[in-house]
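User: Please take a close look at a single part of the structure shown below, and set it in the context of the chain as a whole. I should like the cut-offs stated where terms are used.

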Number of protein chains: 2
Amino acid sequence: MPGPPHVRRPATLASLAAELGVSRTTVSNAYNRPDQLSAPLRERVLEAARRLGYPGPDPVARSLRTRKAGAVGLLLTEALSYAFRDPAATGFLEGLALACEQANQGLLLVPVSPDHVDVTAVHQAGVDGFVVYSVREDDPHFMAVLERPVPTVVCDQPTGVEGVDRVGVDDRAGMLGLARHLTGLGHRRFGVICMRLAAGHNDGPASAQRQESITYPVQRDRLGGIRDGLAEVGVDWADVPVIERFEHSVEAGRDAAEELMTAHPDLTAVVCTSDILALGALQHAGERGLSVPEDLSVTGFDGVPEAGRAGLTTVSQPVLEKGRIAGELLLQRGDRNRSRRVTLPTELVVGSTSAAPRSDQRFFSGW
Amino acid sequence: MPGPPHVRRPATLASLAAELGVSRTTVSNAYNRPDQLSAPLRERVLEAARRLGYPGPDPVARSLRTRKAGAVGLLLTEALSYAFRDPAATGFLEGLALACEQANQGLLLVPVSPDHVDVTAVHQAGVDGFVVYSVREDDPHFMAVLERPVPTVVCDQPTGVEGVDRVGVDDRAGMLGLARHLTGLGHRRFGVICMRLAAGHNDGPASAQRQESITYPVQRDRLGGIRDGLAEVGVDWADVPVIERFEHSVEAGRDAAEELMTAHPDLTAVVCTSDILALGALQHAGERGLSVPEDLSVTGFDGVPEAGRAGLTTVSQPVLEKGRIAGELLLQRGDRNRSRRVTLPTELVVGSTSAAPRSDQRFFSGW
DNA sequence: TCAACGCACCGTAACGGTTCAGAGGTTCAC
DNA sequence: GTGAACCTCTGAACCGTTACGGTGCGTTGA
């Protein structure tokens with residue numbers, strides 16, 4: 001009946017070596033390079049380790065020496081727990097996790113304090129590289145990541161940062177296709193619901209000035225795609241109300257739709273820059289007694305599973321693939337010459353939430 | 001236009017100190033203890049750091065010295081990506097992430113190779129503790145975790161491990177309540193669909209012998225709860241077919257239900273040990289032309305959001321809370337006297353998938 | 001018989017920090 | 001004038017490991 005193994009200081013490679021009368025190198029080799037010492041000696045070392053309760057080489061000390069942490073850091077600006085709630089983020093994470101486990105690398109979720117800005121966690125993270133998921137261009141945590149001397153891959157945004165790889169989709173083209181789908185159906189009176197456009201809460205209409213100073217490139221591109229599509233049929237962007245929400249949730253979408261439809265009851269199509277918001281808009285349409293798509297068309301972006309079940313018309317993007325590629329980009333960077341850019345295709349998914357406006361609605365569209 | 005900052009070896013605390021003609025301690029203090037040196041000198045240090053491209057103290061070296069990694073390791077036996085697909089796991093992770101970010105700790109997802117057993121990742125992980133989520137009693141990765149000299153918290157299973165904290169629910173009592181609900185409605189002919197019971201694929205009936213050698217305590221308890229509930233009304237457990245599935249997915253549940261109902265078409269209630277499996281069973285009932293709950297009652301376990309939307313009768317457990325508490329247990333272990341056990345309550349949620357069997361069905365129940 | 005070779009193991013020098021016990025110097029109260 | 005308290009900074013030890021370049025010795029081929 002041995003006492004607790006903590007009678008003295010925990011065993012180290014050195015103490016084990018001393019106990020056995022061999023060098024530290026030999027003990028190290030017993031673990032890392034079995035071919036560098038004879039089998040009997042190796043067994044002696046391992047046996048002594050068992051006896052002394054030595055748990056094997058300390059991972060941190062090894063990391064220091066080998067300059068490898070064996071993990072990839074993931075930075076999300078949202079509170080960490082958000083990653084598990086947003087289905088688009090979840091899909092991305094699944095893909096990233098896939099790539100990591102294939103390379104036998106850990107995935108470190110870097111904590112980001114939701115309230116006050118504190119980048120110590122970024123400095124603290126023992127990782128070989130960072131994946132940054134969809135953050136603001138001027139995000140302080142992202143700045144801290146750039147200071148770290150490790151490779152970095154950005155997903156979605158920010159775009160065009162020097163020296164970092166990026167994976168994303170052509171948000172503008174995706175939205176342009178969707179807009180054409182709607183204008184082709186005959187829609188002319190649009191409203192838009194979008195995610196946050198820049199730092200700071202701005203729950204309400206996004207003024208022209210606000211739209212000028214967007215710091216989330218993805219939102220900029222998606223709005224730009226709609227604008228371009230509408231311009232093709234002569235709809236002036238200035239006449240299109242855009243409602244912004246800080247929170248990204250079904251509830252926020254519902255709420256935004258209420259604000260939008262109350263101020264503009266004659267809209268025939270509500271374009272949302274995400275499926276989550278669109279699901280909320282659908283919910284509000286029901287509450288308002290509007291039939292979708294007869295009275296109102298509603299569209300989203302992302303192509304999350306929930307949207308599929310709801311029959312939402314949306315622009316689908318390969319979120320899992322995005323995550324997988326982000327991981328591979330980071331882990332397989334053979335040449336680190338210059339930044340690579342991967343743009344994945346989007347697909348217009350026409351569901352049951354978009355249709356031609358009613359003829360009496362269309363009648364009004366002439367003004 | 002400065003050249004790339006990688007002209008020479010990257011700057012270290014020592015090189016910075018040499019450059020400035022101060023001691024390393026002073027540089028270290030400039031970062032960690034601003035009150036230990038004069039403001040002007042501190043500014044000089046920081047300025048030099050900026051100039052030389054010094055990114056601040058290396059996190060790994062700091063971890064080695066301070067014996068703190070600033071991260072918590074999470075071990076799942078399933079492939080890492082599974083964590084983002086199973087809604088019960090996702091809820092748990094959200095809670096755990098919440099606790100971590102509150103303590104400003106990272107969350108390291110430890111990669112587990114799905115195919116061959118390889119515990120190096122566990123040894124590799126630079127963490128201050130482990131959370132183990134629902135693994136087999138004899139899981140080799142778990143064994144490797146126990147060898148690491150860091151605190152460990154187990155969620156759900158394995159139970160009763162010496163020296164580790166555990167958070168979970170009373171699975172047996174939860175299932176017992178559910179069983180009573182069904183027997184109270186008049187059901188007597190049951191079938192059961194359960195998750196994997198031990199190592200190795202066994203897609204099909206779980207023999208009595210298999211049930212004797214369960215290595216997943218949660219499944220053992222849930223089955224035990226059903227058995228006890230049925231025994232109260234005189235239903236012999238030996239007469240209850242139990243179908244096991246290795247995969248945990250809606251599809252597996254559907255498939256298992258098909259196997260079950262084909263072999264036993266006279267069942268009036270199918271009890272599943274998880275909501276995911278139950279959703280699959282519901283799907284199969286529809287395909288078979290059975291009305292739920294008129295022709296067949298179907299129940300689950302967990303209380304995931306999807307189950308709520310489907311109106312599933314189930315035993316709901318606070319998954320998010322479980323994750324949060326697991327994190328707190330690990331991070332706030334003031335006294336480390338002995339293992340703590342937290343058991344959270346479950347709640348029977350009666351939905352629209354359970355009802356009394358039809359009178360003609362009940363007629364048969366007399367034999 | 002002897003140089004060449006391979007095996008098994010070893011010593012030293014990092015890896016990049018933090019910590020602790022002071023060393024000097026200055027300020028202040030008495 | 002003096003001792004105590006304080007402020008700022010330093011030197012050396014330490015964290016636990018792996019990389020690198022050996023050394024000693026038995027074997028082998030000419």
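Analyst: The accessible surface of chain A comes to about 16,200 Å², computed by the Shrake-Rupley method with a 1.4 Å probe. Carbon and sulfur atoms hold 52% of that area. This is a predicted model, in which local features require pLDDT of at least 70 and side-chain atom pairs pLDDT 80 or more, whereas totals for chains, interfaces and linings use all residues. Residues are numbered from 1 along each chain as written, chains are lettered from A and ligands numbered from 1 in written order, and side-chain values use heavy atoms, without hydrogens or water.

Of the 367 residues of chain A, 53% are buried, that is, under 20% relative accessible area with a 1.4 Å probe and protein chains only. The radius of gyration of chain A is 27 Å, against near 21 Å for a compact globule of 367 residues; the value is taken over C-alpha atoms, and the globule rule is 2.2 Å times the number of residues to the power 0.38. Along the principal axes, the C-alpha atoms of chain A fill a box of roughly 95 × 50 × 35 Å. Chain A has 15 helices and 13 strands, taken as DSSP runs (H or I, at least four residues; E, at least two).

The part chosen for the close look is the surface near DNA strand C, where near means a heavy atom within 4 Å. There are 29 residues around the strand, and T25(A), T26(A), L13(B), S28(B) and N32(B) come nearest. By class, this surface has nine nonpolar, eleven polar and nine charged residues; Ala, Val, Leu, Ile, Met, Phe, Trp, Tyr, Cys and Pro count as nonpolar, Asp, Glu, Lys and Arg as charged, and the others, including Gly, as polar. On the DNA side, 57% of the strand C atoms within 4 Å of the protein belong to sugar or phosphate, and the rest to bases.

Several polar contacts (N or O atoms paired within 3.5 Å) can be named here. A side-chain N or O atom of T26(A) is 2.6 Å from a phosphate oxygen of strand C, and one in the side chain of N32(B) is 2.7 Å from a phosphate oxygen. D58(B) contributes a backbone N or O atom, 3.0 Å from a phosphate oxygen of the strand. Elements giving two or more residues to this surface are α2 (24-32) and α4 (59-66) of chain A, together with α2 (24-32) and α4 (59-66) of chain B. Of the elements, α4(B) gives the most, with five residues.

Technical notes
A polar contact is a pair of N or O atoms within 3.5 Å; within protein, one must be able to donate a hydrogen and the other to accept it, and residues adjacent in sequence count only if both atoms are side-chain atoms. Buried means under 20% relative accessible area, exposed over 50%, partly exposed in between (1.4 Å probe, protein chains only).
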